[in-house]
Amino acid sequence: MLLGRHGYLFGPRARAADWHLDRSAYILLTRIQMVGPMSIGQLSEATGLDASTLNRQTAAMMRAGLVERIADPDGGIARKFRITGEGGKLLDDDRARYLAVLDGLMADWSEDEVADFASALHRLNRAIENLDGRHWPRP
């Protein structure tokens, strides 16, 4: 929350540094990159967002050339979103920048402290998802 509030990930400092993606695009592109092409329904299940919100967000991503709609590769009825080459490049660029910010913040942490933090964060995420009866990480 503090990283967000101080603008290091998605706020004014990130925009001033010419980062490419807003928070919603980063999250959706990351999910699609991990899973492969996804429908609105699958994105809704993965993110907990409603279809109308996802329709707005994916439409903006299509206009920006970050994703394209394709027929379901598995033969299903719903069309799916696939990351474009440009969308993948921008996602990878922003991810590298986010990781550099985090590396800088933890530069004086020991390897054990970083591992302990990662373990605690993983445990916290599982506990939060358990509130809604979901498995974390989500498929």
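**Exercise 1. Helix H3 against helix H5**

Which residues in H3 meet which residues in H5? Give the geometry of the pair and the make-up of the contact.

*Solution.*
Step 1. The model is predicted. From H3, take Ser24, Ala25, Leu28 and Leu29. Their partners in H5 are Leu54, Gln57, Thr58 and Met61.
Step 2. Turn to the axes. They come within 10 Å and cross at roughly 90°. Angles of 65 to 115 degrees count as roughly perpendicular, so H3 is roughly perpendicular to H5.
Step 3. Sort the contact of H3 with H5 by class: five nonpolar, three polar and no charged residues.

**Exercise 2. Helix H4 against helix H5**

Describe how H4 and H5 cross, then list the residues that meet.

*Solution.*
Step 1. The axes of H4 and H5 come within 10 Å, with a crossing angle of roughly 110°. That makes H4 roughly perpendicular to H5.
Step 2. Add the hand: this crossing of H4 and H5 is right-handed.
Step 3. H4 supplies Ile40, Leu43, Ser44 and Thr47. H5 supplies Ala51, Leu54, Asn55 and Thr58.
Step 4. The contact of H4 with H5 splits into four nonpolar, four polar and no charged residues.

**Exercise 3. Helix H3 against helix H4**

How many charged residues are in the contact of H3 with H4? Work from the axes to the side chains.

*Solution.*
Step 1. The axes of H3 and H4 come within 11 Å and cross at roughly 110°. H3 is therefore roughly perpendicular to H4.
Step 2. Leu28, Arg31 and Ile32 in H3 meet Leu43, Ala46 and Thr47 in H4.
Step 3. Count by class: four nonpolar, one polar and one charged.

**Exercise 4. The nonpolar core**

Which elements give two or more residues to the largest nonpolar core? Then follow Leu66.

*Solution.*
Step 1. The largest nonpolar core has 21 residues. Leu21, Leu29, Ile32, Leu43, Met61 and Leu66 have the most contacts inside it.
Step 2. The elements giving two or more residues are helices H3 (23–35), H4 (40–47), H5 (51–63) and H6 (85–105), plus strand E2 (80–83). H3 gives the largest share, five residues.
Step 3. Not counting residues up to four places away in sequence, Leu66 touches Leu21, Ala25, Leu29, Met61, Arg82, Ile83, Thr84, Gly87 and Leu90.
Step 4. Put this in context. In soluble globular proteins, nonpolar side chains tend to be buried together.

**Exercise 5. Two single residues**

Is Ser39 buried or exposed? Locate Ser39, then do the same for Asp92.

*Solution.*
Step 1. Ser39 sits in the loop between H3 and H4.
Step 2. Its relative accessibility is 9%. The cut-off for buried is under 20%, so Ser39 counts as buried.
Step 3. Setting aside neighbours within four places in sequence, Ser39 contacts Ala78, Arg79 and Lys80.
Step 4. Asp92 lies in helix H6. Asp92 is partly exposed, because its relative accessible area is 39%.
Step 5. Asp92 and Leu29 are 63 residues apart in sequence, but 10.0 Å apart in space, C-alpha to C-alpha.

**Exercise 6. The whole chain**

What pattern does the protein follow along its sequence? Add the totals.

*Solution.*
Step 1. There are seven helices and two strands. Along the sequence they run α-α-α-α-α-β-β-α-α.
Step 2. The protein has 139 residues, of which 30% count as buried.
Step 3. Take contacts between residues at least 6 apart in sequence: 50% join residues at least 24 apart.

Definitions and conventions. Residues numbered from 1 in each chain as written. Predicted model: local features only at pLDDT ≥ 70, side-chain atom pairs only at ≥ 80, totals over all residues. Heavy atoms only, no water. Core = buried A, V, L, I, M, F, W, Y, C linked by side-chain atoms within 4.5 Å. Buried < 20%, exposed > 50% of the residue type's maximum accessible area, 1.4 Å probe, protein only. Helix = DSSP H or I, 4+ residues; strand = E, 2+ residues; numbered from the N terminus. Contact = heavy atoms within 4.5 Å. Axes fitted to C-alpha atoms, helices over the stretch in contact; angles between N-to-C directions. Parallel < 35°, antiparallel > 145°, perpendicular 65-115°, else oblique. Left-handed = near helix turned anticlockwise from the far one by under 90°. Nonpolar A, V, L, I, M, F, W, Y, C, P; charged D, E, K, R; others polar.
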